[in-house]
Amino acid sequence: MTPTWARAFYDSPAWQTCRRAYKKSVGGLCEDCLEQGLISPADEVHHMVRLTPDNIKDPSVTLAWSNLRALCGRHH
């Protein structure tokens, strides 16, 4: 469940656009599954550095593709 303090970010057009573009850039597939030679659709785009109230407004954390990973439900 998304914490209340993060809801506005996850509902924002900036995140929705970033999420959609990142997922498309990896073919809509789970990156962890691909590393194992499996093909599974990505259900989520995960922040590798966990978002916190202190970094939620920092686009170098929230919107940086280097901090994202497309994952299936099993890997998320």
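Which strand does Ala 70 lie in? Ala 70 belongs to strand E2, and we'll come back to that residue after a look at the whole chain. Keep in mind that this is a predicted model.

## The chain as a whole

Let's start with the building blocks. The chain's secondary structure adds up to four helices and two strands. Reading from the N terminus, the order of elements is α-α-α-β-α-β. The chain's radius of gyration is 12 Å, close to the 11 Å that the globule rule gives for 76 residues, so the chain is as compact as a globular protein of that length.

If you lined the chain up along its principal axes, its C-alpha atoms would fill a box of roughly 35 × 20 × 20 Å. Take the contacts between residues at least 6 apart in sequence: 62% of them join residues at least 24 apart.

## Inside, outside and charge

How much of the chain counts as buried? The figure is 36% of the 76 residues. As for the outside, the chain exposes about 4,900 Å², and carbon and sulfur atoms supply 56% of that area.

Charges are part of the picture too. There are 9 positive and 8 negative charges in the chain, and their mean positions lie 5 Å apart.

## Two strands, side by side

Now for the strands. E1 covers residues 44–47, and E2 covers residues 68–71. The two run antiparallel and are joined by four bridges. Two of the pairings are easy to find: His 47 has Leu 68 as its bridge partner in E2, while Glu 44 stands opposite Leu 71 in that strand.

Which side chains of E1 are buried? Val 45 and His 47 are, and they point to one face of the strand. Glu 44 and His 46 point to the other face and are not buried. In E2, both faces are covered. Leu 68 and Ala 70 sit on one side, with Arg 69 and Leu 71 on the other, and all of them are buried.

## Back to Ala 70

So how buried is Ala 70? Its relative accessible area is 0%, which means that Ala 70 counts as buried. Leaving aside neighbours within four places in sequence, Ala 70 is in contact with a string of residues, including Tyr 22, Val 26, Leu 29 and Cys 30. Glu 31, Asp 32 and Ala 42 are also among its contacts, and so are Glu 44 and Val 45, two residues of strand E1.

Another residue to look for from here is Lys 24. Ala 70 and Lys 24 are 46 residues apart along the chain, and their C-alpha atoms are separated by 9.5 Å.

## Tyr 10 and Asp 58

Over in helix H1, which spans residues 7–11, you'll find Tyr 10. With a relative accessible area of 23%, Tyr 10 is partly exposed, because buried means under 20%. Neighbours within four places in sequence aside, Tyr 10 is in contact with Thr 2, Trp 15, Gln 16, His 47 and Leu 51. His 47 is one of the buried residues of E1. Tyr 10 and Thr 62 are 52 residues apart along the chain, with 9.7 Å between their C-alpha atoms.

Where is Asp 58 placed? Look in the loop between E1 and helix H4 (59–62). Asp 58 has a relative accessibility of 30%, so it counts as partly exposed. Its C-alpha atom is 24 Å from that of Val 26, a residue 32 places away along the chain.

Definitions and conventions. Residues are numbered from 1 along each chain as its sequence is written. This is a predicted model: local features need pLDDT of at least 70, side-chain atom pairs count only at pLDDT 80 or more; totals for chains, interfaces and linings use all residues. Side-chain values use heavy atoms; hydrogens and water are left out. Buried means under 20% relative accessible area, exposed over 50%, partly exposed in between (1.4 Å probe, protein chains only). Two strands pair if DSSP finds at least two bridges between them. The radius of gyration is taken over C-alpha atoms; the globule rule is 2.2 Å times the number of residues to the power 0.38. Contact means heavy atoms within 4.5 Å. Accessible areas come from the Shrake-Rupley method with a 1.4 Å probe; for residues, only the protein chains shown count as cover. Lys and Arg count as positive and Asp and Glu as negative; His and the chain ends are not counted. The place of a charge is taken as NZ of Lys, CZ of Arg, CG of Asp or CD of Glu.
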